[in-house]
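Thank you all for coming; I would like to walk through one chain this morning, moving from local backbone details to sheets, helix pairs and finally domains. Please have the sequence and the model in view while I talk.

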Amino acid sequence: MTIGSDIGGTFTDFVEVDEGSGEVRVYKTLTTPDDPSRAIEQGVAALAGQRDAGAGAVDVMVHGTTLVINAVIERKGARTGLITTRGFRDVLEIGREKRFDAYDLQIEYPVPLVPRYLRMEVDERLHATGAVLTPLDEDGVRQAVQALKNEGCESIAVCLLHAYRNPAHERRVGEIVREMMPGCRVSLSSDVLPEMKEYERTTTTVVNAYAKPVASRYLSRLQERLRDQGFQGEMLMMMSSGGINSVDFAREFPVQIIESGPAAGTLGAAHFARLANLDKVLAFDMGGTTAKLALVENGQATLTNDFEVAHVHRFKPGSGIPVRISVVDLIEIGAGGGSIARRTPVGTLQVGPQSASAVPGPACYGQGGTDPTVSDADLVLGYLDPAHFLGGRMALDKAAAERAIDATLASPLGISVQEAAFGVHAIVNENMASAAKAYVSEKGENPKSCALVAFGGAGPVHACDLAARLGIRTVLIPPRAGVAAAFGMIVAPVMYAAVRSRRMLFKDLSAERLDAVCAEMLAECRERLPATVGAEQVAYEYSVDMRYLGQGYDVTATFSKQGDHEAVLAAIRAAFENTYRRLYGRVFENLPLEIMNFRVTASAERRVASGAGAAREAEGDGKIGTRRAFCTRTRQWLDFAVHRRAGIAPGRPFPGPAIVEENESTTVVPSGARIQVDPHGSLIVELSN
């Protein structure tokens, strides 16, 4: 028995899969921002009630949380100090000296997580090769540690110049910190990110140190709550890379779980895309606060190492704190069910990025919210059933939604409530479509060549109109789409990614150097995977960061390490050129190549059910009636057939306009479309031209 639990900005989702019978149970509840572990406790108890057995029957719990990213954004992490090489204390503020907005004369950058008076310098110096130029001044280290101790720091980041090539000095600093400050959390850059690029290595290590005490306390509290309910199984954490690892690993490296929820949703989309034989899909996750889009090819999500948090200007690249870890490559925009709609000073309609979140939530939630949101607009347009939200566990107040839209939008703009509601719906869809077009184009792809896999609480409501705006004909809605991210955690592999910086010309890469660096990374992977994973279960993927000599940016290319050295070199060059050509449309055959980093990703697949659930007994189309709703294709109010998804037999097509309801989400299909359920429980929608 495995449970996946995903804490979002508005809702916390649960999926439980019985490995033996294939039975799937789900639960969805409002997030508890004051203590997210309370929502987890409620969900585990609710699932136990559904099967009449306690939490002791659960073998594995996979958990994803927004705790780390929220701690950084809200500046609620630990009081953190930084120890660095003399002359480098200001690297956090100097950064790359790159303006993310060339025309903003009042440009602002993120305030460093460690203020200047808590950044201490020590005398030591390493060469880029790792050779010691200046020995470590241990007396100076003790003075720096004492100063941070006097300031009440409970976590310390250590980032010395070129420590990625030789960690000896950092190791010694860590020993001194632990000796002088027992119980203080220590993060060494040579452990967190043994990779060149001083600024990114420092910011990543600082984020890890800043979140470490907070994450440790939360995970301990969560484990205690679960133990009190009788849970005695293995607890695993969802990583930003799309894999899972142990709680102890997450406690030591909390920066690795900073983007765990979005990664899990993409894995869930990839799983059902594989089952439906769709080789190229755009995963679309729209929840209560944000919408995420990710490209999935051949059942695999794309990874990137360029990631930022705590943006000064939300969703503007370059305005955040760089965190150089392996994350699922996706785009995130402020478009969710809770996104607030407002009238701008020039009289236009704007939707997001601000969100009503779980508290107070949209006006229709009846929790005191008065701002009109996307969910309020969807309710007014007839897409949501006020009596069937969350399977009837939460009633929606349509009158409150209409009042909010009228007071803030309709009356000031001189239009009807229904027109204002459609304006909100259309604008949020167009915002997402514009972001998707830019994102997919940057990957060298065309959205028209993709299918759309939509999930999240609000995703299926907006999926068909979004697909039409992108020129996409096929939309897939997985089973239990509203909790797909939680299911993605269940199907995620156990994973760890290692990196080593070894800057050299490609022509100088010998078999001995390649074998040595790979052996080092393989040993690290084996050490940091959960102890429950056997060596025979693990598969390894090799990649390299390369560029043409003289370029400022590199690309990551995955290669096969099979065959003799010449075959491996040919595979590396071919992988780089294929990747470079796809991104930029050309290659330069006569230019020398330069290697920056080597990478190894270790993964072990887990045995899980397909997610379709137990054998389906439905025989009809699940139609239970009709509801008046607005059709985005014809721009008219029509009678939509309403279907219960659980009552739709596989392989039995029916036409739109239709609304397909399940407890966790609602799918809205316009006129002219055809809908059917595939053998794996996914809803397949074929849109008309």
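**Backbone details and architecture**

Let me start with K197, which sits in the loop that links α6 (189-192) to α7 (198-228); helices here are DSSP runs of H or I with at least four residues, strands are runs of E with at least two, and both are numbered from the N terminus. Before going further, I should say that this is a predicted model, in which local features need pLDDT of at least 70 and side-chain atom pairs count only at pLDDT 80 or more, while totals for chains, interfaces and linings use all residues. Residues are numbered from 1 along each chain as its sequence is written, and side-chain values use heavy atoms, with hydrogens and water left out.

What is the sign of phi at K197? It is positive, near 95 degrees, in a residue that is not glycine. As background, most residues other than glycine have a negative phi, and most peptide bonds are trans. On the second point, the bond between G352 and P353 is cis, with omega about 0 degrees, and P353 belongs to strand β22, residues 349-355. Another cis peptide bond runs from G656 to P657, where omega is near 5 degrees; P657 is placed in a loop, between β31 (654-655) and β32.

Staying with β32, let me turn to its sheet, which is open, has 4 strands in the order β29-β30-β32-β33, and shows mixed pairing (two strands pair if DSSP finds at least two bridges between them). Its edges are β29 (621-631) and β33 (666-669), each of which pairs on one side only, and the twist from one strand to the next averages 25 degrees. Within this sheet, β30 (residues 636-648) and β32 (residues 658-661) run parallel and are joined by 4 bridges, and A658 in β32 has A641 opposite.

A second open sheet, also built of 4 strands, follows the order β6-β5-β9-β10 with parallel pairing. Here β6 (119-122) and β10 (185-188) are the edge strands, pairing on one side only, and the twist averages 20 degrees between successive strands. Strand β9 (residues 155-159) pairs with β10 in the parallel sense over 4 bridges, and V158 has L188 in β10 as its bridge partner. Helix α5 (residues 168-180) packs on this sheet, touching β5 (80-85), β9 and β10, and its direction makes about 175 degrees with that of β10. Returning to α7, that helix lies across β5, β9 and β10 and runs at about 160 degrees to β9. For these angles, axes are lines fitted to C-alpha atoms, for helices over the stretch in contact, and values run from 0 to 180 degrees between N-to-C directions; contact means heavy atoms within 4.5 Å.

Now to two helix pairs. Helix α9 (residues 260-275) packs against helix α14 (residues 484-491) at about 80 degrees, with the axes 7 Å apart, and the two are therefore roughly perpendicular (65 to 115 degrees; under 35 counts as roughly parallel, over 145 as roughly antiparallel, and the rest as oblique). On the α9 side the contact includes L267, H271 and F272, which meet α14 residues including F487, M489 and V491. By class, this contact has 8 nonpolar, 5 polar and no charged residues, where Ala, Val, Leu, Ile, Met, Phe, Trp, Tyr, Cys and Pro count as nonpolar, Asp, Glu, Lys and Arg as charged, and the others, Gly among them, as polar.

Helices α11 (residues 398-413) and α12 (residues 417-442) pack at about 85 degrees, their axes 9 Å apart, which makes α11 roughly perpendicular to α12. E402, I405, D406, L409 and A410 of α11 make this contact with V417, A420, A421 and V424 of α12; by class, these residues comprise 7 nonpolar, no polar and 2 charged.

Lastly, the domain assignment, whose bounds come from an automatic or database source, includes domain 1 (2-72 + 216-257), domain 2 (76-213) and domain 6 (612-676). Taken over C-alpha atoms, the centres of domain 1 and domain 6 are 32 Å apart.
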